[in-house]
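Colleague: Got a minute to go through this one with me? I'd like to ask about strands, helices and the contacts between chains.

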Amino acid sequence: MNNPIWQPRIVAFFCTWCTYTAADLAGVSRMKYAANVRVIRVMCSGRVDPQFVMDALAKGADGVLIGGCHPNDCHYAEGNYKMLRRFRLLQRMLTDLGIETERVRLEWISAAEGEKVKTVINDMVEKIKAMGPLNLPGRFQEWDREMDSLEHAATQPKESEKPHAH
Amino acid sequence: MKYSYFPGCSLKGTGRAYEESIIPVMKALGAELEELDDWNCCGATAYMAVDEVKACVMASRNLAIAEKAGNPEVLAPCSACYLVLNKTKHYLHDSPPVAHVVNQALKTANLTYSGNTPVRHPLDIIVNDIGLEAIKKKVKTPLKGLKVAPYYGCQMVRPYATFDDQYNPTSMDRLFQALGAEVVRFPLKTRCCGGSLTGTLPEPGLLCTYIILKEALKRGADVVATVCPLCQFNLDAYHDQIAAKWEPARIPTVYFTQLMGLAFGMDPVQLGLQRGFVAMKPVGQAAA
Amino acid sequence: MQMDNQKAEVRIGFYACHCGSNIAGMVDVVEVAKKAGKLPHVVLSRDYKYMCSDPGQELIAQDIKEHKLNRIVVASCSPLLHEHTFRTATEKGGLNPFYFHMVNIREHNSWVHTDRQEATEKAYALTQAAIRRVAHHKALEVKKVKIEPSVLIVGGGIAGIHAALTMAEAGKKVYLVEREPTIGGHMAKFDKTFPTLDCAACILTPKMSTVGSHPNITLWTYSEVAKVEGFVGNYKVTVKRKPRYIIEDACVGCMECIKSCVYKEPKFADEFNEGLGKRKPVYIPFPQATPQVVLIDPETCLQLKTGKCKKTCVEACADRHAIDFNQKEEFIDIQVGTVIVATGFKTFDAERLPQYGYGVHKNVYTALEVERLVNASGPTGGHVVMRDGQEPKSVGIIHCVGSRDKKTNRWCSRVCCMYSMKLAHLIKEHTGAEVYSFYIDMRTPGKGYEEFYDKLLEEGVQFIRGRVGEVTDWAYAPGEDGKLVIRVEDTLAGYVRRIPVDMVVLASGLEPHKDSQDVRRLFNMSCSTEGFFLERHPKLAPVSTFTEGVFIAGCCQGPRDIPDTVAQAGAAAAEALVLIDKGSVELEPNTAYILEQECSGCKSCIPLCPYTAIAFAEDRNKAVINEALCKGCGTCVASCPSGSIVQNLFEDEEIFKEIEGVLAYE
């Protein structure tokens, strides 16, 4: 990246019926918003496995945005409610991991709300810029080094057992 | 319920009758008005016209004092005060540069303002919080047969119509009906009273006043009722000049709180009804 | 088959589309293609002007054969627009169409970003994601669903009528459901239509009676759709029939009962005449109503209200026995393959703008009321007289009431300029009154519309440009006493004018129905922000919705005039006919299946499925997904604790690879 200023990386999961279509509408309407979000299309926000979110953060995302249909409007009747339930649990997990819960965001954006795609993305980029990088991959390396040195110190006297590095 | 009461200059001067009537009326409805300590000019008209930011500083000092006073809401009976205080709240919220200047100025006086205290008009509180059913219960001498032209003026609905329709406010209409009066349909209810023009450019200013009075008479009103001291003053004080220029249009103009007081059976003198230039006898008689 | 995929070497072909300058103007597609060419498994990478063009598609097919490609990725517009196109091209090259994946670098990128470098980086990141993902794609087979050769049409206005007749003539079974007691909609209330001034009834009522008698059409008026289940090709619909207290098959439309009602004179506000006329508790909305069946209003009928009436109507009906005071709501289930929603509009409530005095001044009318006044079969027999019985000598027509206004509705209602001019012409013709028309902009886009405007200018209608401030009875200047004064800033003359008139007509705009949100949910459609139903694509799929097999026509999609409505209704009927005549529809093979060897039999997926597609095989202690019932949302996949559910096209591995790809850029 030639740009010396740090840019947040945000992975988004948009349901194809509402939010993905809304993002298409934002495009057709030539609305302008920040280029930090990479959208992955799913059929329903209910398809978003918490593992996807954790995996994205682990692979270097600074934030994850999930977009679904408004309550009562899910194309599949109730997938968005399922996502909402999972999202609440996910937030607790993030807190336990010491990750700011604001980094993972769930938004209801209907197919008509191109404008909302724009404002949500711009707002999220601003907020994550203010929070700074999450850098989980970097932190993993750091933790690994710490673990290594700890284990190294612990196993030093016993030559017979080799440290079991992860 | 206890309110911080911001009287402004009018209610201590030309609009004394407004203060004299609002305090007992609110008391009768179970609301206590606690006058703000060391309040200053609200920053209206002249200040606003010359320097909006400085006017906001004036207004925000009052808001800061009110916040310190600790009552949940501020009551501003004068429409000009009501508007300027609310306008300042909007400016502080919408414009960081204005908020910056204001906060700097407040700091020098060891004051802060968080922007949370609502500024309410007594008409709003009376009609929407206390409610017409509670009012009806307080009526001792219904204003039967009294024909009232409700006149709201501009500042209560422009630019912010917070508690009533911008084009056709009806709070006072409903209130007077609850008091037993007959309300005249008055299409000029939000038209300009002439404002400060009556003092600076009398001719167009007085024309505004004359149009309102004449229409009220034409529609058979016995009295014009208003929510604003400047409106009351303009509609009440220039009858001789209007008569000299066009034709006599003598009709009394009173505060809505005075009519409430009469209906509640209070003494007309206690309500300041003797202070008007145009005799208000018919009001008292009709009520009696 | 999966084993074959694993074994074969993955050979990806990548194509970056310029889309003229639509993409290339903001994204360096040449650079993206160059970098993508160096990624693992990519054996061919090209950029091309228009991938969706014939040569573009041909290129893919050719390359597959020449370079032995077995995966295709195209970076261009939204998959919602062209995924099908490129899948077909992939298939043409001899590959399974699902070995294709699409990258959206137009709607989600070039059109919404302003920095070329950032946009190019994003395009490359999305490309990497697709390339990593496509390697895991599997060959899939499309599922075909049979289409029932029948259609449900909701709404019996001109749109519903036209669509019903088109479909019925093509030999398909049509169920037409209308909420009101008669079909005809708003058009039935009009006197003339602009700009040709043909008589609305003369062109509409023959179509109405054809609907009533067509062997292929089942007409249910005074009825509503209560429930919709199922999917394209096989919708199960429940229709609620409200009691009209008349047995439809027994009523011959003789109207003897109306004549003999205990109310000798009509007494109640007549809805069809906008309350300007009166009707009895037993009535027929208007003489040409279809069906020609009376109904009884339970709110005003003495028998239904109090149970005490001489029931002279029953006597008059005699041996026909058509009156049934015990009639109850009835629910009917039907099966249809397709649906056309044509529920129309409601007019803006003029009382929301108190400055125009509707409801306060008795001589302020809405345009729809005036439509009834000028109508020869209206409450005044076509005489334009005001509520006080006087003929107006001057009339002011105010345009854009509840249109083009941030405080009410922001949109232009499209028809008001034209219908205002039509009414101006008719009022002038009927009364010779001076007519003033207050407009903001005169909008006359349509065949013969501008010419109609010219005609009215010549007829001497006074056009004043300006949004009216208020209508008041405050008389100030001489000649204003007893009149309604229209205060307006004449923006061409540059000053505020007071124009006294006898009668004011408010050209109310068009709005979605109050319950449009309920109707939308019923059919799983979307609404635009203002509440009109959302079309699948504003240009390329204007009568389709996001729900397969459900089409929209007429003003429920947005304000439009009669010619456009009829054209749209025809289009919706044609789309429905295409589906029916094709006999079957291909469904996206995105269903889920269970890997039995991994399923632990925990049953957590079973209650999650809104379609009850997951069953439990007690003998094997495994969950089983019924593919025919699965709609492919993937909710069960995301919640399976052992990861033993797989969704075709959205497999975990594919999505993990996508995540890896979008984050792989430097």
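Modeller: Sure, and keep in mind that this is a predicted model. Let's start with β24(C), which is joined by four bridges to strand β25 (residues 484–490) of chain C, the two running antiparallel.

Colleague: Which residue in β25(C) is the bridge partner of Val471(C)?

Modeller: Look along the antiparallel pair β24(C) and β25(C). Across from Val471(C), the bridge partner in β25(C) is Ile486(C).

Colleague: And which strands stand at the edges of that sheet?

Modeller: The sheet is open, with three strands in the order β24-β25-β26 (chain C) and antiparallel pairing. Neighbouring strands in it are turned by 20° against each other on average, ignoring direction. Two strands have a single partner strand each, so one side of each has no neighbour in the sheet: these edge strands are β24 (468–472) and β26 (495–501) of chain C.

Colleague: There's a hairpin further along chain C. Which residue in the turn between β32(C) and β33(C) has a positive phi?

Modeller: Strand β32 (residues 614–617) and strand β33 (residues 622–625) of chain C pair antiparallel over four bridges. One of the bridge pairs is Ala615(C) with Val624(C) in β33(C). The hairpin has four residues between its strands, and the one in the turn with a positive phi, about 60°, is Asn621(C).

Colleague: On to chain B. How are α3(B) and α5(B) set to each other, and why?

Modeller: The axes of helix α3 (residues 52–69) and helix α5 (residues 96–108) of chain B come within 9 Å and cross at roughly 55°. The crossing is right-handed. An angle from 65 to 115 degrees would count as roughly perpendicular and one under 35 as roughly parallel, and the crossing angle is roughly 55°. α3(B) and α5(B) are therefore oblique.

Colleague: What's the make-up by class of the contact of α3(B) with α5(B)?

Modeller: From α3(B) come Val53(B), Cys56(B), Val57(B), Ser60(B), Arg61(B) and Ala64(B), and they meet Val98(B), Val101(B), Val102(B), Ala105(B) and Leu106(B) in α5(B). By class, that contact has nine nonpolar, one polar and one charged residues.

Colleague: Now the chains. Which pair has the most contacts?

Modeller: Chain A and chain B can be left out, as no contact joins them and their closest C-alpha atoms lie 18 Å apart. Between chains C and B, six residues of chain C are in contact with seven of chain B, and the chain C side there divides into three nonpolar, two polar and one charged. The other contact takes 43 residues from chain A and 44 from chain C. Of the two pairs that touch, the one with the most contacts is chains A and C.

Colleague: On the chain A side of that contact, which element gives the most?

Modeller: Four elements of chain A each supply at least two residues to the side touching chain C: α1 (19–28), β2 (37–42), α2 (50–58) and α3 (79–97). That side divides into 22 nonpolar, nine polar and twelve charged residues. The element giving the most, with six residues, is α1(A).

Colleague: Last one: within chain C, how many residues does the contact take from domain 3 and from domain 4?

Modeller: Domain 3 covers 256–328 and domain 4 covers 346–511 in the division of chain C. Their C-alpha centres lie 35 Å apart. The contact takes six residues from domain 3 and seven residues from domain 4.

Methods. Residues numbered from 1 in each chain as written. Chains lettered and ligands numbered in written order. Predicted model: local features only at pLDDT ≥ 70, side-chain atom pairs only at ≥ 80, totals over all residues. Nonpolar A, V, L, I, M, F, W, Y, C, P; charged D, E, K, R; others polar. Domains from an automatic or database assignment. Axes fitted to C-alpha atoms, helices over the stretch in contact; angles between N-to-C directions. Parallel < 35°, antiparallel > 145°, perpendicular 65-115°, else oblique. Left-handed = near helix turned anticlockwise from the far one by under 90°. Pairing = 2+ DSSP bridges.
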